[in-house]
Amino acid sequence: MSVLIAPSILSADFLRLEKDIEMLNNSEADWIHVDVMDGVFVPNISFGFPVIEAVAAIAKKPLDVHLMISQPERYIERFVKAGAQYLSFHYEGSIHLNRTIQQVKEAGAKCGVVLNPHTSVGVLLDSMADLDFVLLMSVNPGYGGQKFIPNSLRKIEALRKLRDALNPDCLIEVDGGVNEENAADIISAGADVLVAGNAVFKAANPAQAIKNLKTIV
Ligand code: DX5
Ligand code: ZN
């Protein structure tokens, strides 16, 4: 299977969001990554339900909603209703992880857990069998356009071992600072899905940038 590409609309032009979604619809993008920030779990605030619903109405690719919010269990059903087909929330923001995972699945979305750069992949030992995907942050969450943290490669390799042993169908998604220069290393470490914000939307030709990431080996 070739790597899946999930462009992050955090780096899109919000004044012409419809055009950017149409570009993604007509591109080789696999998922559309949607970053939700609450100003508490992370220092930044992005967007919420009305924007996600508007995007879902015209998107022809599944929405991959990444919740950077405290106590995500308060809003799971609303995000699925708004259009999230893949829904992930942070390990660090949810005390009763197992319960929140079941909540996402019962709401009808594919469930992912997100780990911050300092959180060891070993914390997922007892959750791996329940997950559709794991999202590894390769920057500290909150902003687009940051630099990839090199230790993330070691974490991807460790997570791949855990995944292969416990749940081979679970996808490994990597988010933060991914670009055409480091994508080959990230893929060979074990990533199945690459999130890319600036590498896509700040490129002269975003659709071509998606194609380039997709065909890197
Ligand atoms: C960061 C977000 C990322 C961000 C990635 O908190 O979770 O999804 O949009 O942007 P780039 O690819 O520019 O690092
Ligand atoms: Zn994200």
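Leu 97 comes out as buried because its relative accessibility is just 9%, where buried means under 20% relative accessible area, exposed over 50% and partly exposed in between (1.4 Å probe, protein chains only). The model is a predicted one, in which local features need pLDDT of at least 70, side-chain atom pairs count only at pLDDT 80 or more, and totals for chains, interfaces and linings use all residues. Residues are numbered from 1 along each chain as its sequence is written, chains are lettered from A and ligands numbered from 1 in the order in which they are written, and side-chain values use heavy atoms, with hydrogens and water left out.

Leu 97 sits in helix H4 (residues 97–107); helices (H or I, at least four residues) and strands (E, at least two) are DSSP runs, numbered from the N terminus. Setting aside neighbours within four places in sequence, Leu 97 touches Phe 89, Tyr 91, Val 113, Leu 124 and Ser 127, contact being heavy atoms within 4.5 Å. Leu 4 is another matter: its C-alpha atom lies 26 Å from that of Leu 97, with the two positions 93 residues apart along the chain. Helix H4 also holds Thr 100, which counts as buried because its relative accessibility is 2%. With neighbours within four places again left out, Thr 100 is in contact with Glu 73, Ile 76, Phe 89 and Ser 94.

Next, the metal. The zinc ion (ligand 2) has His 33 (NE2), Asp 35 (OD), His 66 (ND1) and Asp 175 (OD) as its protein donors, at 2.0 to 2.3 Å. Donors here are N, O and S atoms within 2.8 Å of the metal (3.2 Å for Na, K and Ca), and since water is not among the atoms, sites may look incomplete. The arrangement is octahedral because the 6 donor atoms around the zinc ion (ligand 2) subtend angles of 70 to 171°; six donors earn that label if opposite ones are over 155 degrees apart and all others between 65 and 115. Along the chain, the donor spacing reads H-x1-D-x30-H-x108-D. His 33 in strand S2 (residues 32–37) and His 66 in strand S3 (residues 63–68), 33 residues apart, link distant parts of the chain. Both His 33 and His 66 are buried.

As for the lining of the largest pocket, its residues split into 11 nonpolar, 11 polar and 3 charged. Ala, Val, Leu, Ile, Met, Phe, Trp, Tyr, Cys and Pro count as nonpolar, Asp, Glu, Lys and Arg as charged, and the others, Gly among them, as polar.

How values were computed: Tetrahedral: all angles 85-135°; square planar, octahedral: opposite > 155°, others 65-115°.
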